[in-house]
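I opened this notebook to record what I looked up in the model, entry by entry. Each entry keeps to what I could read from the coordinates.

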Amino acid sequence: MDSFTAPNRRTLLRGAAAAALATTLPVAGAASAAPARPGSSRLTLPSGLQTGDVTSSSAVLWSRASGEGRLHAVLHALDADGKRLTAGRSRRGKGAGADGRPISLRGPWASAETDFTARISAKQLPAGTTFETELFFEDENGHRGEVGSGRFSTAPGHRSDGAQTFVWTADTAGQGYGINPDVGGMFGYEAMRALAPDFFLHAGDTIYADGPIAETLEEPDGAIWRNLVTEEVSKVAETLTEFRGRHSYNLLDDNIRAMYAEVPVIATWDDHETTNNWWAGEILEDEKYTVRDVNTLAARGRRAWQEYQPIADVRALSPGSGFEPERIYRLIERGPDLDVFVLDMRTDKSENTDGLEQHETSMLGEEQLQWLLKGLRRSQATWKVILADLPLGIVVPDGEGQESISNAENGAPLGRELELARLLSGIKTQKTKNIVFLTGDVHYCAAHHYSPERAAFTDFNPFWEFVAGPINSGSFGPNEMDGTFGPEVDFQKAGPAMGSPRDGKGQFFGRVEIAPQGESFTVELIDANGDVQYTRTLTPES
């Protein structure tokens, strides 16, 4: 069963006020750092800090240095009032830091080989615990640099403690809309941060490597959008340096930095981390590119993406070609009431044909498909969220082909739809319940209910898909739906074509609240000003 609630308004700070609150990361006082040697430069944190892939017992801590140095982290467990626990003041639960003693972690050496980024994996943490974090780099002489402060909370360890909230969106800095100080920067991130979510899902297009960002851009209504610019974003990204520069550019925004310091990130990638609508093996014809081989671009784009994301999978931390399996798709366990399955719908994606093949063509690839079915079958969590970088039933044309899973034909599954049909049929066969798909990509927000009673393919159980984005890109849509899997549009809202993020009314994110013991799963679709556009509450099947 589910219920519908009429839209309501949530008042949040935005624009210049949001920018004033979303300041740069705090820096510890001089007493916290060893004095630098004469003539030396103190290491700083030009891209702030992040935590990511946080579970009930682990977290990844990320930062980037201004030069060569070793990453260090100190974690302080907090009590219910937000005060640091002191030694001997244990809290409920077991794990490092539960006794009030700070956790000191020594990470890897950051160098030009990783664009001076580094990560630390914190393990054996107590569940349901909020930590205050301090991250800094030490140079080769042991001199401590700038100290960035943040916080994160581990996921609940018991079903009775299961209440948690999270937000999701997609599409950052697309269509030439970058960081505009005149409007307070990417203030949609401040709207998300202000809701104090437990974590954040980025559904892809974390950057737009294929979209140059100029100092000015004329908006559809004739207004002039003014961007902060850097050399790396002035053209399409082709070199590793240019791909890295796209990620570091987004982290110049105060709103993003403030949110990432407080809200753990779980991210996947899509096409714009490399180039628009790409597939493996494609040869580009776009004259803006001197590098036409997409595999070369994708390997560079993937390496930069991995360097800048706080992802936990050890295979993502090791070297390789950029096309190894299971490096982006992964399971993040968020306690007894929530598992998050992060998909990679780009690495094994087939060519963008018309999608009418009688044989199955790939979106996930066989290994990922079987991993997902197995993970869903084994999951004991009440709710299973699948973070997908592409929607399931929305038609997304790519010239004469299809970028989407769907093919704009409402009949029996063909092409990529055959792979989706196997997934949905497998979920039904193994009797996995309470699955919700969350996605972005199409630059508008929507709620879709899929049911076999309306479908050409009927061997699946009903489920919901919710779409949110863009957060700071041009708006589009809404798109047509393909009827193969019986989608019904429960809600959709889009801004004007290429609509600017200036007023935030055509940019969207979603918020989910899971009640204690998983008794409900409430979804809100919200614009970048914090105004709720739609609400639906789902209740679990037993």
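The entries below go from the whole chain to its sheets, its helices and two single residues.

**Entry 1: the chain as a whole**

I note at the outset that this is a predicted model. Looking up the secondary structure, I found seven helices and 25 strands in the chain. I then asked what share of the 542 residues counts as buried, and the value came out at 61%. For the contacts between residues at least 6 apart in sequence, I found that 74% join residues at least 24 apart.

**Entry 2: the four-stranded sheet**

I followed an open sheet of four strands, whose order I wrote down as S5-S4-S7-S8 and whose pairing is antiparallel. Its edge strands are S5, residues 103-110, and S8, residues 148-153, each of which pairs on one side only. From one strand to the next the twist averages 25°. I looked more closely at the pair formed by S7, residues 130-138, and S8, which run antiparallel and are joined by six bridges. To fix the register, I looked up threonine 130 and found that its bridge partner in S8 is serine 153.

**Entry 3: strands S3 and S6**

I next took strand S3, residues 59-64, which runs antiparallel to S6 and is joined to it by six bridges. Here arginine 64 has threonine 117 of S6 as its bridge partner. Is strand S6, residues 117-122, mostly covered or mostly open? I found five of its six residues buried, so I entered S6 as mostly covered.

**Entry 4: the seven-stranded sheet and the helix on it**

I traced a second open sheet, this one of seven strands with mixed pairing, in the order S14-S15-S16-S19-S21-S20-S22. At its edges stand S14, residues 330-333, and S22, and because each has a single partner strand, one side of each is left without a neighbour in the sheet. The twist in this sheet averages 20° from one strand to the next. Within the sheet I picked out S16, residues 383-387, and S19, residues 435-439, which pair in the parallel sense over four bridges. In this pair leucine 387 stands opposite leucine 438 of S19. Helix H6 packs on the sheet and touches S14, S15 (338-342), S16 and S19, with a direction that makes about 180° with that of S15.

**Entry 5: helices H6 and H7**

How do helix H6, residues 366-378, and helix H7, residues 416-429, pack, and at what angle? I read an angle of about 20°, with the axes 10 Å apart, which means that H6 is roughly parallel to H7. I recorded the crossing of the two helices as right-handed. On the H6 side the contact is made by Glu366, Leu369, Gln370, Leu372, Leu373 and Leu376, and on the H7 side by Glu419, Arg422, Leu423, Gly426 and Ile427. Sorting these residues by character, I have six nonpolar, two polar and three charged.

**Entry 6: helix H3**

I looked up helix H3, residues 240-250, and found ten of its eleven residues buried, so this helix is largely enclosed by the rest of the structure. Among the buried residues of H3 I noted Glu242, Arg244, Arg246 and His247, along with Leu240, Phe243 and Tyr249. Asking what covers them, I found that the cover includes strand S3, helix H4 (254-262) and helix H5 (294-308).

**Entry 7: histidine 449**

I located histidine 449 in strand S20, residues 445-450. Its relative accessibility is 17%, and because the cut-off for buried is under 20%, histidine 449 counts as buried. Leaving out residues up to four places away in sequence, histidine 449 touches Arg454, Pro462, Phe463, Trp464, Gly486, Pro487 and Glu488.

**Entry 8: glycine 506**

My last entry concerns glycine 506, which I found in the loop between strand S22 (487-493) and strand S23 (508-514). Although it is a loop residue, glycine 506 counts as buried, with 5% relative accessibility. Neighbours within four places in sequence aside, glycine 506 is in contact with Pro470, Ser475 and Gly495. I also looked up serine 473, which is 33 residues from glycine 506 in sequence and 9.3 Å from it in space, C-alpha to C-alpha.

Conventions
Residues are numbered from 1 along each chain as its sequence is written. This is a predicted model: local features need pLDDT of at least 70, side-chain atom pairs count only at pLDDT 80 or more; totals for chains, interfaces and linings use all residues. Side-chain values use heavy atoms; hydrogens and water are left out. Two strands pair if DSSP finds at least two bridges between them. Axes are lines fitted to C-alpha atoms, for helices over the stretch in contact, and angles run from 0 to 180 degrees between N-to-C directions. Angles under 35 degrees count as roughly parallel, over 145 as roughly antiparallel, 65 to 115 as roughly perpendicular and the rest as oblique. A crossing is left-handed if the near helix is turned anticlockwise from the far one by less than a right angle, and right-handed if clockwise. Contact means heavy atoms within 4.5 Å. Ala, Val, Leu, Ile, Met, Phe, Trp, Tyr, Cys and Pro count as nonpolar, Asp, Glu, Lys and Arg as charged, and the others, Gly among them, as polar. Buried means under 20% relative accessible area, exposed over 50%, partly exposed in between (1.4 Å probe, protein chains only).
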